[in-house]
Amino acid sequence: MARQVEIEINSLQDTGQDEIEFSSQLTGKLYYRNGVYYLKYEEVLEGLEGTKTTLKIKEDAVTLIRRGKVGGTQKFISEQKTSFDYQTPYGKLPLEIEVERLKVDTTEQAGEIIIKYSLYEQQRLVSCNQLNITYKE
């Protein structure tokens, strides 16, 4: 059964020239199936409006799935590098992420996810990022 939850997302992106912070608070739904939590919400950040996001949350991995104006499936696995195609209105952009730190603490009432990772395009470092997501009933 889906539970309505309040979600807070804080993101810090360091490009080496600029530090960009994003913060949003929104309402979403939390499901629990077969040992996996699913956190679903609609993006509110400029440029992502109307994009539906699902976080598939396991103890050792988080998968971020976006569908809408932009799309893609990003897998965050501790101390691993993974590839994905980021679909934009202008075409696909092949990217890689390398996770330095992944902390997952989730229950049906509340949860916290911390992901520290680097983003690469064609083996060139684009940015160092920290993503903090919390939710509560």
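Let me begin with one pair of strands: β4, residues 52-57, and β5 run antiparallel and are paired over six bridges. Within that pair, Leu 55 stands opposite Leu 64 in β5. The connection from β4 to β5 is a hairpin of three residues. Before I go on, please keep in mind that this is a predicted model.

On to the next partner of β5. Six bridges also join β5 to β6, again antiparallel. Here Val 62 has Phe 76 in β6 as its bridge partner. β5 and β6 form a hairpin too, with four residues between them, and Gly 68 in that turn has a positive phi of about 150°. How many of the seven residues of β5 are buried? Five are, so β5 is largely enclosed by the rest of the structure.

Now the whole sheet. It is open, has 10 strands, and pairs them antiparallel in the order β6-β5-β4-β3-β2-β1-β10-β9-β8-β7. Which strands stand at the edges? They are β6, residues 72-77, and β7, residues 81-88; each has a single partner strand, so one side of each is left without a neighbour in the sheet. From one strand to the next, the twist averages 30°.

Further along the order we find β2, residues 19-33, and β3, residues 36-42, which pair in the antiparallel sense over five bridges. Leu 30 stands opposite Leu 39 in β3. The loop between β2 and β3 holds Asn 34. Its phi is near 50°, a positive value in a residue other than glycine. As background, most residues other than glycine have a negative phi. Is Asn 34 buried or exposed? Its relative accessibility is 81%, and exposed means over 50%, so Asn 34 counts as exposed.

Gln 123 is a similar case to go through. Gln 123 sits in the loop between β9 and β10. Its phi is near 65°, also positive in a residue other than glycine. With a relative accessible area of 68%, Gln 123 is exposed.

Next, the start of the chain. Ala 2 lies in the segment before β1, and at 30% relative accessibility it counts as partly exposed. Leaving aside neighbours within four places in sequence, Ala 2 is in contact with Lys 29, Leu 30 and Tyr 31. Ala 2 and Lys 40 are 38 residues apart in sequence, yet their C-alpha atoms are 9.8 Å apart in space.

For a buried residue, take Ser 118 in strand β9. Its relative accessibility is 14%, and the cut-off for buried is under 20%, so Ser 118 counts as buried. Not counting residues up to four places away in sequence, it touches Glu 96, Ile 97, Glu 98, Leu 125, Ser 127, Cys 128 and Asn 129.

Last, the empty space. The largest pocket has a volume of about 780 Å³. It is lined by 27 residues, and the closest to its centre are Gln 13, Phe 22, Leu 48, Arg 66 and Tyr 86. Which elements give two or more residues to this lining? They are β1 (3-14), β5 (61-67), β6, β7, β8 (91-106), β9 (110-121) and β10 (124-136). The largest share, five residues, comes from β10. By class, the lining of the largest pocket has 16 nonpolar, seven polar and four charged residues.

Key. Residues are numbered from 1 along each chain as its sequence is written. This is a predicted model: local features need pLDDT of at least 70, side-chain atom pairs count only at pLDDT 80 or more; totals for chains, interfaces and linings use all residues. Side-chain values use heavy atoms; hydrogens and water are left out. Two strands pair if DSSP finds at least two bridges between them. Axes are lines fitted to C-alpha atoms, for helices over the stretch in contact, and angles run from 0 to 180 degrees between N-to-C directions. On a 1 Å grid over the protein atoms alone, a cavity is a set of points where a 1.4 Å probe fits but cannot get out, and a pocket is an open set with protein on both sides within 12 Å along at least five of seven lines; lining residues have an atom within 4 Å of a point. Grid points are joined across faces, edges and corners, and a volume is the space filled by probe spheres set on the points. Ala, Val, Leu, Ile, Met, Phe, Trp, Tyr, Cys and Pro count as nonpolar, Asp, Glu, Lys and Arg as charged, and the others, Gly among them, as polar. Buried means under 20% relative accessible area, exposed over 50%, partly exposed in between (1.4 Å probe, protein chains only). Contact means heavy atoms within 4.5 Å.
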